[in-house]
Amino acid sequence: MAREKRTVEELSIWEDARAMIRKAQAEGIETVWDRLEQQTPHCRFCELGTTCSNCTMGPCRISSKKGGKMQRGVCGADADVVVARNFGRFIAGGAAGHSDHGRDLIEVLECVVEGDSSDYGIRDEAKLVRIAGELGVDTDDRSVREIAGDLVEVLYGDFGSRRREVAFLSRVPEKRREIWQALGMTPRGVDREIAEMMHRTHIGCDNDAPNTLIHAARTALADGWAGSMIGTELSDIIFGTPSPSYSTANLGVLKKDQVNILVHGHNPVVSEMILAAARMPELLDRARERGASGINIGGLCCTSNELLMRQGIPMAGNHLMTELSIVTGAVEAVVVDYQCIMPSMVQISGCYHTRFITTSGKARFTGATHFDIHPENAFEKAREIVTLAVDAFAERDASRVEIPDTPVPIMTGFSNEAILEALGGTPEPLIEAMRQGKIRGVVGIVGCNNPKFKQDSMNVGLAKALLKKDILVLVTGCVTTAAGKAGLLVPEGIEMAGPGVREVCGALGIPPVLHMGSCVDNSRILQLCGLLADALDVDISDLPVAASAPEWYSEKAAAIGLYAVASGIETHLGHPPNILGSETVTHLATEGLEDLVGARFVIEKNPEEAAELLDKRITAKRTGLGWKP
Ligand code: SF4
Ligand code: MSK
């Protein structure tokens, strides 16, 4: 039966998105929703995870019909083995993305230490010394440069195989470390776990699905407690630790009379330089000479989160807004680093005067203008990029410009340091509010948009449903924009929360949903859970906390979900990964992991139902702690 085409209203909950989808349709521009329709229905074998092309005896498909033909691939691998191997490689991809991002920051710090880059520096020296001390570096009577040099070595070590465990495992509660040790899940080195995942899933290696999945969890843990955590902590050291501030969100942050430059991707290394260049008087003069009143920097996806948290740069949109931002006709340049950048943006840029600029040798796009940016040349290249964008302003076709909506205010900058400072230096007031039931629990809602969902319907729906139950919400990644546009990232948002959250957040003057950063910054949430568990002398799995990635789509999001579960945090997903072709793998993910690591995945596509499931978990954990439900 032919599927009915979804109306524009069914694609997104936002008016800025709908206006731009209509404009794209009127101008004959293909978007992600058009291509999803062309690709639907998807290959059923792929959806179930039962295709394999790991060797050239195949590719093979395993039938889901029990007892029929094609129960095994040519080599004899059954559905369990094929699904587990595919999932393991999916996780390795996600862990590689976050972790390679973390490594890039080590390289920047190394350049600073060795004097190879004057464009970057150490903005938070106190944090550098604190983190170095935490990781065993001698900090007494030594220069910042010497300490940073040793920290660089310790963190590079986390990527190799000489360690028994990654350095930040010192932040993991003892009980959790024992669980990992007993299961063989302790992450040793980032590259080691990723390489071993690829090795185990080579033809003729790990042919026992649960064993493969244990290593998938170990690989994900290397991401969360090493690669991502390094990314977060070094970004803070180099660019400054976030503290609360205000900004704005939605496509209305674009300015009709200014040169608009959107930074997109994940890493702050390039975008911080673009921002600095855009503030240069000579470039502002150049913009004025060309008829613009200024240079406006806005963000997309996680690069946006990075600049928003530290610099208050407005957020133009999340994943499904990226194509639509160009459709406004008001964007002179999109400057990207890596991850979550749809290749279609090159074609859409070509429909306007927009310059699509790539900056990383790891993420080149055919048809884009490439500037190879390294720590040694970053500011100079950023200056050239901004010049290019300024000059493009003259080519803007005013008759095609449409900037929908007016920006909404958002509050950002809730690093753990900022949260602890607001609480008076210790997590105790938060624990007390939780003990009293004013804040019944905490849920981190993270992750993406996916065109299979009505954009942000789940992200916003779940946040609102949890708040009503007096459950505090933390957000990162693309959920940030969703929460912001819904009015949840300002102190006035407490009106949408239950009485307890309203009272606590109202007294502190903070929003009921706290923005903690980008995707790698989910490591901040891990660290916070570790702090709370240690303060209560329990394991993370004993806490009334949970996680959710309602509209997730990427390998990275799956890795985040798995490291959360393996850390003892029950995690909701709005739709399952491609594992349903294996009963063993599905059972392990949704039930069996509870016995092993004290948490599991729950899959639910209705936000109210999902809130009920997470509430059930939180209630059980509260009871376990001897607190009223
Ligand atoms: Fe087929 Fe086995 Fe080769 Fe996979 S590894 S393609 S299941 S023969
Ligand atoms: S950018 S991984 S779409 S959150 Fe981090 Fe957004 Fe998901 Fe990318």
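Select L573 first: this residue stands opposite I603 in strand β16. The model on display is a predicted one, and the tour starts from this pair of residues and works outwards.

**The sheet around L573**

Extend the selection to residues 571-573, which make up strand β15. Strand β15 runs parallel to β16, and 3 bridges join the two. Now add the remaining strands in the order β13-β12-β11-β14-β15-β16. These 6 strands form an open sheet, and the pairing is parallel. In general, the strands of a sheet pair through backbone hydrogen bonds, in either a parallel or an antiparallel manner.

Which strands stand at the edges of the sheet? Colour β13 (513-517) and β16 (601-603): each has a single partner strand, so one side of each is left without a neighbour in the sheet. If the view is turned to look across the strands, a twist can be followed, as neighbouring strands are turned by 25° against each other on average, direction ignored.

**Strand β11 and its partner**

Select β11 next, residues 441-445. Is this strand mostly covered or mostly uncovered? Strand β11 is mostly covered, with 5 of its 5 residues buried. In a regular strand, side chains alternate between the two faces of the sheet. On one side of β11 are G441, V443 and I445, on the other V442 and G444, and all of them are buried.

Keep V443 highlighted and add V473, its bridge partner in β12. Strands β11 and β12 run parallel and are joined by 5 bridges.

**Two aspartates with positive phi**

Most residues other than glycine have a negative phi, and most peptide bonds are trans. The next selections depart from one or the other of these patterns.

Move to D456, in the loop between β11 and α19 (457-468). Its phi is near 65°, a positive value in a residue other than glycine. D456 is buried, with 26 other C-beta atoms within 10 Å.

Then select D470, which lies in the loop between α19 and β12 (471-476). What is the phi of D470? The value is near 60°, again positive in a residue other than glycine. D470 counts as buried, with 24 C-beta neighbours inside 10 Å.

**Two cis peptide bonds**

Go to P41, in the loop between α3 (32-39) and α4 (44-48). The peptide bond that leads from T40 to P41 is cis, with omega near 0°.

Continue to P59, in the loop between β1 (51-52) and β2 (60-61). The bond from G58 to P59 is also a cis peptide bond, with omega near 5°.

**The ligand 1 shell**

Leave G58 selected and display ligand 1. Which of the 14 residues around ligand 1 come nearest? They are C52, G58, C60, G73 and C75. By residue class, the shell holds 10 nonpolar and 4 polar residues, and no charged ones.

**The ligand 2 shell**

Turn to ligand 2, with 15 residues around it. The nearest are C302, C340, C448, G477 and C478. Two elements give two or more residues to this shell, namely α13 (301-311) and α23 (555-566). Colouring by domain adds a further view: the shell draws at least three residues from each of domain 3 (251-400) and domain 4 (412-624). The shell divides into 7 nonpolar, 7 polar and 1 charged residue.

**A helix and a distance**

Select helix α5, residues 79-113, in which V112 is found. Is V112 buried or exposed? V112 is buried, with 23 other C-beta atoms within 10 Å. Add I385 and draw a distance between the two C-alpha atoms: V112 and I385 are 273 residues apart along the chain, and these atoms are separated by 23 Å.

**The whole protein**

Finally, select everything. The secondary structure comes to 25 helices and 16 strands. The radius of gyration is 24 Å, close to the 25 Å that the globule rule gives for 629 residues, so the protein is as compact as a globular protein of that length. Along the principal axes, the C-alpha atoms fill a box of roughly 70 × 70 × 50 Å. Of the 629 residues, 58% count as buried.

Methods
Residues are numbered from 1 along each chain as its sequence is written. Chains are lettered from A and ligands numbered from 1 in the order in which they are written. This is a predicted model: local features need pLDDT of at least 70, side-chain atom pairs count only at pLDDT 80 or more; totals for chains, interfaces and linings use all residues. Two strands pair if DSSP finds at least two bridges between them. Helices (H or I, at least four residues) and strands (E, at least two) are DSSP runs, numbered from the N terminus. Axes are lines fitted to C-alpha atoms, for helices over the stretch in contact, and angles run from 0 to 180 degrees between N-to-C directions. A residue is near a molecule or strand if its C-beta atom, placed from the backbone, lies within 6 Å of it. Ala, Val, Leu, Ile, Met, Phe, Trp, Tyr, Cys and Pro count as nonpolar, Asp, Glu, Lys and Arg as charged, and the others, Gly among them, as polar. Domain bounds come from an automatic or database domain assignment. The radius of gyration is taken over C-alpha atoms; the globule rule is 2.2 Å times the number of residues to the power 0.38. A residue is buried if 20 or more other C-beta atoms lie within 10 Å of its own, exposed if 12 or fewer, and partly exposed in between; C-beta atoms are placed from the backbone.
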